[in-house]
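Student: I would like to go through this structure term by term, asking on what grounds each label is given.
Tutor: Then let us look at it together and set each value against its cut-off.

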Amino acid sequence: MRKLIIEARVNEYMLREQGNPHVPYTPEEIARDAVACRDAGASILHFHARKPDGAPDHEAASYAETVRRIRAASDILVHPTLGYVTLDATPEARLAHVIAMAKDPATAPHFAPMDMGSVNVDRYNAQGRRFETTELVYRNSTGTLMHFAKEIRGAGLKPYLVSWTVGFTRYVGAFMEMGLLDEPGFLCLCLTDNTFLGGHPGTLRGLQAHLDFLPEGRHIEWTVVNFGGNLFALAAAIIAQGGHIAIGLGDYTYSELGQPTNADLIRRIGEIARDLGREVATPEEARAILGMR
Ligand code: ZN
């Protein structure tokens with residue numbers, strides 16, 4: 001069977017105070033984690049730039065500095081965020097830091113994300129039976145996505161497609177039909193547990209509902225994330241069905257395992273894969289699987 005692509009989602013906007021001191025913040029910490037995750041079997045690193053106190057850092061220079069350090073230290077493929085809550089930013093402004101980085105080989109990422117639709121991202125507090133915010137929308141209009149597809153292709157990067165629900169996946173099919181996205185598509189099926197309600201639940205049925213609607217007749221390499229929940233319960237099913245895995249402390253602190261590092265999570269996924277007869281892909285092998293130049 002095809003080799004398994006493991007992506008390390010090292011930090012998102014997770015705070016160490018939420019239960020795990022190993023969440024990396026600074027460019028140095030993220031680059032160090034990149035090396036450890038690569039050694040443990042990850043071929044892609046996803047990160048959000050953060051300030052030393054953990055606050056979100058939206059500066060283009062911070063992204064460039066982080067990618068520069070990762071690329072100098074490791075051959076792991078780099079997948080930076082575009083920034084999470086979009087508010088009123090224009091499509092050009094949202095993509096600007098990625099396009100700028102792509103012009104310099106020392107800071108060029110390999111992927112740029114495209115979430116193929118819009119979704120509410122207010123955190124739900126189940127214990128308190130309330131939403132902690134009520135106006136956070138991850139907004140990706142059709143026009144914005146068409147702009148992203150053109151610009152990301154023009155910059156020579158691979159679009160990292162994300163589907164929160166089946167409707168997002170249908171957009172992937174339509175964009176392929178329109179010639180805006182190339183095959184193989186790399187599609188992340190985003191399950192959401194506990195705090196975010198915008199995705200399918202992190203269960204076998206939540207996953208299967210996604211898989212039932214993958215675009216017909218298209219070459220899609222799919223990976224799975226559980227944003228806000230534990231992905232291990234699904235890992236064997238994903239690996240056995242030919243999917244890939246995206247996991248890390250950014251999504252969930254994994255307190256069931258104590259206080260694991262990102263590399264600990266990657267290593268465990270690699271062990272499960274080998275038990276099921278699937279080897280783990282190197283960055284070079286991941287590029288070949290995903291049809292990247
Ligand atoms: Zn992210």
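The dialogue below takes up the metal site, the salt bridges, the backbone and one tyrosine of this predicted model.

Student: What makes Glu12, His46 and His48 the protein donors of the zinc ion?
Tutor: A donor here is an N, O or S atom within 2.8 Å of the metal. The atoms in question, two OE atoms of Glu12 together with NE2 of His46 and NE2 of His48, lie 2.0 to 2.4 Å from the zinc ion, and they therefore count as donors. Along the chain these donors follow the spacing E-x33-H-x1-H. Glu12 and His46 link distant parts of the chain, 34 residues apart, with Glu12 in the loop between β1 (6-9) and α1 (27-40) and His46 in strand β2 (residues 44-47). Both Glu12 and His46 are buried.

Student: Why is the arrangement of the four donor atoms around the zinc ion called irregular?
Tutor: The angles subtended by the four donor atoms run from 53 to 135°. A tetrahedral label would need all angles to lie between 85 and 135 degrees, while a square planar label would need opposite donors over 155 degrees apart. Because the range begins at 53° and ends at 135°, neither label can be given, and the arrangement is irregular.

Student: How do you know that Asp251 and Arg9 form a salt bridge?
Tutor: The term asks for a side-chain nitrogen of Lys or Arg within 4 Å of a carboxyl oxygen of Asp or Glu. The closest N and O atoms of Asp251 and Arg9 are 2.6 Å apart, so the pair meets that condition. The pair links distant parts of the chain, since Asp251 is in the loop between β12 and α8 and Arg9 in strand β1, 242 residues apart. Arg9, Glu12 and Asp251 are moreover linked in a network of salt bridges, which brings in the zinc donor Glu12. A search of the whole structure finds 12 salt bridges.

Student: Why are Asp251 and Arg9 called buried?
Tutor: Buried means under 20% relative accessible area. Asp251 has 5% relative accessibility, so it counts as buried, and Arg9, at 8%, therefore counts as buried as well.

Student: What makes Arg16 and Glu29 a salt bridge, and how exposed are these two residues?
Tutor: Their closest N and O atoms are 2.8 Å apart, and because the limit is 4 Å, the pair qualifies. Arg16 is in the loop between β1 and α1 and Glu29 in helix α1, 13 residues apart. Partly exposed covers the range between the 20% and 50% limits; Arg16 has a relative accessible area of 27% and is therefore partly exposed, and so is Glu29, at 23%.

Student: How do you know that the salt bridge of Asp75 and Arg38 ties together separate parts of the sequence?
Tutor: The side chains of Asp75 and Arg38 meet at 2.5 Å, N to O. Asp75 lies in the loop between α2 (60-73) and β3 (77-80) and Arg38 in helix α1, so the pair ties together parts that are 37 residues apart in sequence. Asp75 counts as partly exposed at 46% relative accessibility, and Arg38 counts as partly exposed at 24%.

Student: Why is Asn194 called exposed and Tyr254 buried?
Tutor: Exposed means over 50% relative accessible area and buried under 20%. Asn194 has 53% and so counts as exposed, whereas Tyr254, with 1%, is therefore buried. Asn194, in the loop between β10 and α6 (204-211), has phi near 65°; Tyr254, in the loop between β12 (244-247) and α8 (262-275), has phi near 55°. Each is a positive value in a residue other than glycine.

Student: What makes the approach of Tyr171 to Thr142 a polar contact?
Tutor: The pair of N or O atoms must lie within 3.5 Å, and the side chains of Tyr171 and Thr142 make their contact at 2.8 Å, so the distance fits. Tyr171, in helix α5, also touches Met116 and Leu145. At 33% relative accessibility, Tyr171 counts as partly exposed.

Note on methods
Residues numbered from 1 in each chain as written. Predicted model: local features only at pLDDT ≥ 70, side-chain atom pairs only at ≥ 80, totals over all residues. Heavy atoms only, no water. Donors = N, O, S within 2.8 Å, 3.2 Å for Na, K, Ca; no water. Tetrahedral: all angles 85-135°; square planar, octahedral: opposite > 155°, others 65-115°. Helix = DSSP H or I, 4+ residues; strand = E, 2+ residues; numbered from the N terminus. Buried < 20%, exposed > 50% of the residue type's maximum accessible area, 1.4 Å probe, protein only. Contact = heavy atoms within 4.5 Å. Polar contact = N/O pair within 3.5 Å; in protein donor to acceptor, adjacent residues only side chain to side chain. Lists of a residue's contacts leave out its neighbours within four places in sequence.
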